[in-house]
Amino acid sequence: MTNTWTMTKVLIRQRIQTVINTVIVTIVATIITAILMYFGGSARFSIELFYYAFQPYLIIGGLYLFIRLAIRQEHTWVDNYYRSVPITNLKLYMANLFSTICNFVIYCLVQSLIFAILEVTTHGIHWPETSIWMDVAEVVTILGLTCLFIWTFVSLVHLLSVTIMAFLPETQIRLAQWAIYLVVIITASYLFNQLWQLFLMPFSRYNIAAIFGVFLVIFALISSLNVYLLDKWVETK
């Protein structure tokens, strides 16, 4: 029986190239943008130019990778190769989700290192106050929990869709898809509105322990349902 860590390492290795490609594209895009800005006469050629050119691509690359990893994750659930591996659906679920997290964290660490080098080269070393570090830690925690929630929620929608459409005749599949999309849009809009309200709150009013506790309950419920659908209803393609 394959264990969770072995499966996780396999999935990380298979997706790491996507991370590398994304990092390379952001660096190349930064260089091209800086050169165009220089020849356009809007800035002088310096490290500071690369520093400011890099920032939007850091975010764009993260969003792109977030979506790409979600797609790769969802393909795993219905892929005959992975579902035929001698591993329980619970272990496969945890390995798939954890590998997605690891790859995204690798991207964030690499890009943070590049950004830190550009920051130090441009503005020198300035150690922020302790309160700033606490605020950053809280924001990173909430963003991390949000990403994990979205990945699990996307899996729930995908697995429910596969399960429902397996029982429908072909003539009703398209109607069912639109109904699912409508429910997802309404639910996602409500959830993201709540998240946005959370981000607008002053950091001093955050109760990280309460947020973390609520998230764990929701994550456990969604993950339990996902594993149940994998185990009982979702078939491979």
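How many disulfides does the chain hold? The count comes to 0 disulfides in this model, which is predicted. A disulfide is a covalent bond between the sulfur atoms of two cysteines. For Cys108, the closest cysteine sulfur is that of Cys147, and the 7.4 Å between the two sulfurs is too far for a bond. The cut-off for a pair of cysteine sulfur atoms is 2.5 Å, so Cys108 and Cys147 do not qualify. Cys108 is also partly exposed, because its relative accessible area of 31% falls between the limits of 20% and 50%.

The overall fold can be described next. The secondary structure consists of 7 helices and 0 strands, and from the N terminus on the elements run α-α-α-α-α-α-α. Of the 237 residues of the chain, 36% count as buried. The accessible surface comes to about 14500 Å², and carbon and sulfur atoms account for 72% of that surface. Among contacts between residues at least 6 apart in sequence, 84% join residues at least 24 apart.

An unreviewed UniProt entry lists "transmembrane region" for residues 20-39, 51-71, 92-118, 138-168, 175-196 and 208-230. Two of these spans can be compared with the model. Residues 20-39 are 100% helix and 0% strand, with end C-alpha atoms 29 Å apart. Residues 92-118 are likewise 100% helix and 0% strand, and the end C-alpha atoms of this span lie 39 Å apart.

Now to the interior. The largest nonpolar core has 38 residues, and the members that touch the most other members are Met7, Trp77, Phe104, Trp151 and Val234. Two or more residues of this core come from each of helix H1 (4-39), helix H2 (47-77), helix H4 (89-123), helix H5 (130-165) and helix H7 (208-232). H5 gives the most, with 11 residues. Where does this core lie with respect to domain 1 and domain 2? Domain 1 (1-126) and domain 2 (129-237) both give residues to the core, so the core lies between them. Apart from it lies another core, of 7 residues, among them Ala34, Phe50, Phe54 and Leu118.

Single residues show how the helices meet. Met7 is found in helix H1 and is buried, because its relative accessible area of 4% is under 20%. Leaving aside neighbours within four places in sequence, Met7 is in contact with Thr2, Tyr82, Val85, Ile87, Leu92 and Ala95. Of these partners, Val85 is 78 residues from Met7 along the chain, yet the C-alpha atoms of Met7 and Val85 are separated by 9.1 Å.

Phe104, another of the members that touch the most others in the largest core, has contacts with Gly62, Leu65, Phe66, Leu69, Cys147 and Trp151, not counting residues up to four places away in sequence. Cys147 therefore appears twice in this account: as a contact of Phe104, and as the cysteine whose sulfur is closest to that of Cys108.

Two isoleucines can be followed along helix H4. Ile101 lies in helix H4 and counts as partly exposed, at 24% relative accessibility. Beyond residues up to four places away in sequence, Ile101 touches Leu148 and Trp151. Ile101 and Phe66 are 35 residues apart in sequence, with 9.5 Å between their C-alpha atoms. Ile106 also lies in helix H4, and at 31% relative accessibility Ile106 counts as partly exposed. With neighbours within four places in sequence left aside, Ile106 is in contact with Ile16 and Val19. The C-alpha atoms of Ile106 and Ile16 are separated by 8.7 Å, although the two residues are 90 residues apart along the chain.

The last residue to consider is in helix H7. Is Ile222 buried or exposed? At 11% relative accessibility, Ile222 counts as buried, and Ile222 lies in helix H7. Outside the residues up to four places away in sequence, Ile222 touches Phe149, Thr152, Phe153 and Leu156. Ile222 and Phe149 are 73 residues apart in sequence and 9.0 Å apart in space, C-alpha to C-alpha.

Definitions and conventions. Residues are numbered from 1 along each chain as its sequence is written. This is a predicted model: local features need pLDDT of at least 70, side-chain atom pairs count only at pLDDT 80 or more; totals for chains, interfaces and linings use all residues. Side-chain values use heavy atoms; hydrogens and water are left out. A nonpolar core is a set of buried Ala, Val, Leu, Ile, Met, Phe, Trp, Tyr and Cys residues joined through side-chain atoms within 4.5 Å. Buried means under 20% relative accessible area, exposed over 50%, partly exposed in between (1.4 Å probe, protein chains only). Helices (H or I, at least four residues) and strands (E, at least two) are DSSP runs, numbered from the N terminus. Domain bounds come from an automatic or database domain assignment. Contact means heavy atoms within 4.5 Å. UniProt positions are given in the numbering used here, feature names are shortened, and annotations may be inferred rather than shown by experiment. Accessible areas come from the Shrake-Rupley method with a 1.4 Å probe; for residues, only the protein chains shown count as cover.
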